[in-house]
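Student: Could you take me slowly through a single part of this structure, the place where protein and DNA strand meet, and explain each term as you go?

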Number of protein chains: 2
Amino acid sequence: MTAANEDTIANRISRILADRIVTGQLEPGAKLRQDHVAEEFGASHVPVREAFRKLEAQGLAVSEPRRGVRVASFDLAEVREVALMRAELEGLALRQAAPHLTSSILEEAEQATVAGDNSRDVRSWEEANRRFHRLILTPCAMPRLLAAIDDLHSVSARFLFSAWRSEWEVRTDHDHRAILGFLRQGNIENAVAVLERHVQWIGQKPVKSPTGSTRDVFAIVG
Amino acid sequence: MTAANEDTIANRISRILADRIVTGQLEPGAKLRQDHVAEEFGASHVPVREAFRKLEAQGLAVSEPRRGVRVASFDLAEVREVALMRAELEGLALRQAAPHLTSSILEEAEQATVAGDNSRDVRSWEEANRRFHRLILTPCAMPRLLAAIDDLHSVSARFLFSAWRSEWEVRTDHDHRAILGFLRQGNIENAVAVLERHVQWIGQKPVKSPTGSTRDVFAIVG
DNA sequence: CCTTATAGAATTATAGATAATTTATGATTC
DNA sequence: GAATCATAAATTATCTATAATTCTATAAGG
């Protein structure tokens, strides 16, 4: 009857684990042991295994048969790969969605941008940013495309969290405003062009590792 | 020890079911009952459920909690959606792969095209076609992108099988040859342009339904 | 001192059993 | 005769148990 029962245990576990991986609570390479996870959620390991399969499909975990599953690791090459894929797919989605955008949707997107600018931490910024992208893309009405974009967003968010774990500086999102401006003018191609460039922008930040040395961390910022 | 043991039962089941769905042996909307599948493969239903999850992620099956899983159905809108996604992603892949293409790879791709032209049935044509695309795209060295393209290829193949179930007419693939020509010249952008148009071409064929009436069936042909 | 066996513990993968839910069937009423 | 409700059968989702594999730590041998 309740919404909780609409969902399987496996789905719930996979959502929670996905969130932990994305936010960095679970580090790249960490082992996911089915019995331990099962015990934590008060379930058996059958639904846990199904949750692992879903994480695998989303690219958040990798599984070696008989040797268990680990949190997926990533490097600069993968950050770039995801950025390029997002640019192509979000460009496509926006081109299809644009004719169906209403001024009330654009208004909501504007509010999401403001919310992003006012965010005091990465988590709420990421939420607002995703809301913006979803708002202007959803009207394309292409479910498979939107699902693919959503998975890529999760991975992007993971990069972001890993880079900006502790500190967070406020920024004003000029790209989002430029996109909205072009959309209001009905200038679809310019909006798409800005979006594609926006998504490909890769942030870079020096981070002190536990050993004291400094390394550069990269993340998709948009 | 053998390669068969390198793989889990779940993976084997999912591969075989995927093939049946793609080739049309399992029709859209058909129920997949875990106990029956388990019995057929001489396994229990735990690996079967995991196989279902994988099919779901590939977009070949849809699952409603507590109500079972069915072979995914599709319509013209989805054929178009997959075509557009493939155009974008294969274009991206080719642009990245082009600098790493060797003349021996292009030679292999040429042979795949010839094999396609000589194919007497849909299955072998599809195999050759996929080989062509994989050959020219793999050198992009972007595993996530290639996996996404591969899943889309499966869905495309499904459309193709559903449309051309019985008869198959021989065609010469001019697009593939044009792409190879541009690649040999080092003219990447033209190669990409032809590829993107090629993949978006949607074949159309009148098919007699069991009731005797005629309807148009659409498929991605490339 | 380092390498290689080996026994034990931990973990994965699968099977078998149970509870809960949905679908099908048939009787009953309007 | 159609619709509705109750009951039975089938099916899904989960849990508990077992077998097989991998990992770990320790000891024997070079």
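Tutor: A polar contact here is a pair of N or O atoms within 3.5 Å; within protein, one must be able to donate a hydrogen and the other to accept it, and residues adjacent in sequence count only if both atoms are side-chain atoms. By that rule, a backbone N or O atom of A:Ile9 lies 2.8 Å from a phosphate oxygen of DNA strand D, and a polar side-chain atom of A:Arg67 is likewise 2.8 Å from a phosphate oxygen of that strand. A base is reached as well, since an N or O atom in the side chain of A:His45 is 3.2 Å from a base nitrogen of DNA strand D.

Before going further, please keep in mind that this is a predicted model, in which local features need pLDDT of at least 70 and side-chain atom pairs count only at pLDDT 80 or more, while totals for chains, interfaces and linings use all residues. Residues are numbered from 1 along each chain as its sequence is written, chains are lettered from A and ligands numbered from 1 in the order in which they are written, and side-chain values use heavy atoms, with hydrogens and water left out.

Around DNA strand D there are 20 residues, of which A:Ile9, A:Ser44, A:Arg67, B:Arg49 and B:Arg66 come nearest; a residue is near a strand if one of its heavy atoms lies within 4 Å of it. Of the atoms of DNA strand D within 4 Å of the protein, 76% belong to sugar or phosphate, and the rest belong to bases. The residues of this surface divide into 6 nonpolar, 8 polar and 6 charged, where Ala, Val, Leu, Ile, Met, Phe, Trp, Tyr, Cys and Pro count as nonpolar, Asp, Glu, Lys and Arg as charged, and the others, Gly among them, as polar.

Both chains take part through their helices: helix 4 (45-58) of chain A, helix 3 (34-40) of chain B and helix 4 of chain B each supply at least two residues of the surface near DNA strand D. Helices (H or I, at least four residues) are DSSP runs, numbered from the N terminus.

Finally, the two chains can be compared: a rotation of 180° with 0.0 Å of shift along its axis superposes chain B on chain A, with an RMSD of 0.1 Å, and the two copies are thus related as by a two-fold rotation axis. The superposition is by least squares on the C-alpha atoms of residues with pLDDT of at least 70 in both.
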